[in-house]
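I opened the model to look up a few things and kept these notes in the order in which I went.

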Amino acid sequence: MPDQSHVGRRYLAPGQRIAPESARATAQAIAGADPIGEADAVPPTFAAVYCLGPTLAQLLSDPEVGIDLAGLIHGEQSFEWPAPVHPGDVVDATAEITSIDTRRGMTFVRLAMEATRPADQAVVCRATSLMIVRAPA
Amino acid sequence: MTAPAASEIAIGDSVTPLSRTVTQEQINAYADASGDHNPIHVDPEFARAVGLPGTIAHGMLEMGILADAIASWAGGNANLLSLSCRFSKPLLPGDTIICTGTVVSVDDAGVATLEVGASSDRGDRVLTNGRATVRLSR
């Protein structure tokens, strides 16, 4: 289980390509039966794919932290988009564990993430996540 | 698309509510598109084994629908500067999510802050404590 000793751990996921087909498929999945609002744009929450996903995957497979996926709940999420991303962009994503608290049998893991575009040094996303890990039943 | 003009936006203005029924097919499509194949979203037996009533939608799918609702009001994705929320209650396949937003402030730089959220047609408040900032036009 995650504990205080894991605060400050960093996960680096460089070279995340904003694949146009993946951005479009995500926009369509969000739209469901509705038409996509902007067919050639990257949906804002695609940050879950280029920033949150690849860094969180490393945390979840970090054997020293030992998070059980079956007990994992996404509790809160925030995104800021200081500059727009475009299909085809490549970004570097990083995440850091900023706090870990345990109460009532649940562990609250807070992460701060950032994605930057090396081509122009622009920060394209800043994000925070709260992941809640329930103790095994 | 153009953002609403700062001069025409007042505190208390509302985003046009967006209702969208989320199907299991849509959840599966989101899992494939996003790469998030956590079985609680796609495998009913696994979901029940960990104490859920069945599969649940990805929180990020719900947040994506909320972003659609605000971006549509804001005149496009590029005018949505930030978005945050708490995933309070699960959304189940077949549920309709209803996304709402209300302007709570407009600053001198023409950025509107909105309180945003979403409920289900079963009355659950699924996305709470939501905030968004939107760049308005001059």
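I began with helix 1 of chain A, residues 20-31, where helices are DSSP runs of H or I with at least four residues, strands are runs of E with at least two, and both are numbered from the N terminus. I found 12 residues in helix 1 of chain A and a reach of 16 Å from the first C-alpha to the last, close to the 16 Å expected at 1.5 Å a residue; the expected span is 1.5 Å times one less than the number of residues.

The model is a predicted one, and I kept to its limits: local features need pLDDT of at least 70, side-chain atom pairs count only at pLDDT 80 or more, and totals for chains, interfaces and linings use all residues. Residues are numbered from 1 along each chain as its sequence is written, while chains are lettered from A and ligands numbered from 1 in the order in which they are written.

Next I listed the buried residues of helix 1 of chain A: A:Ala23, A:Thr26, A:Ala27, A:Ala29 and A:Ile30. They line one face of the helix, because seen down its axis they fall within an arc of 160 degrees. Buried means 20 or more other C-beta atoms within 10 Å of the residue's own, exposed means 12 or fewer, and partly exposed is in between, with C-beta atoms placed from the backbone; the arc is that of the directions from the helix axis to the C-beta atoms. What do these buried residues pack against? I noted helix 2 (47-60) of chain A together with helix 1 (24-34) and helix 4 (59-74) of chain B. Just after helix 1 of chain A, I saw that A:Gly32 has a positive phi of about 60 degrees.

I then turned to the contact between the chains. In all, 28 residues of chain A are in contact with 33 residues of chain B, contact being C-beta atoms, placed from the backbone, within 7 Å. On the side of chain A that touches chain B, the elements giving two or more residues are helix 1, helix 2 and strand 2 (72-80) of chain A. Strand 2 of chain A gives the most to that side, with 7 residues.

I followed strand 2 of chain A across to strand 2 (residues 80-87) of chain B and found them paired in the antiparallel sense over 5 bridges; two strands pair if DSSP finds at least two bridges between them. A:Phe79 stands opposite B:Leu83 in strand 2 of chain B.

Within chain B, I counted 6 bridges joining strand 2 to strand 5 (residues 125-135), and these two run antiparallel. B:Leu80 has B:Val134 in strand 5 of chain B as its bridge partner. Strand 5 of chain B also pairs with strand 4 (residues 111-120) of chain B, antiparallel, over 8 bridges. In the hairpin of strand 4 and strand 5 of chain B, with 4 residues between the strands, I noted a positive phi near 95 degrees at B:Gly123.

Last, I looked up the largest nonpolar core, which has 74 residues; such a core is a set of buried Ala, Val, Leu, Ile, Met, Phe, Trp, Tyr and Cys residues joined through C-beta atoms within 7 Å. Those with the most contacts inside it are A:Ala47, A:Tyr50, A:Cys51, B:Leu66, B:Ile70 and B:Leu80. Helix 4 of chain B gives the most to this core, with 11 residues.

Technical notes. Two residues are in contact if their C-beta atoms, placed from the backbone, lie within 7 Å.
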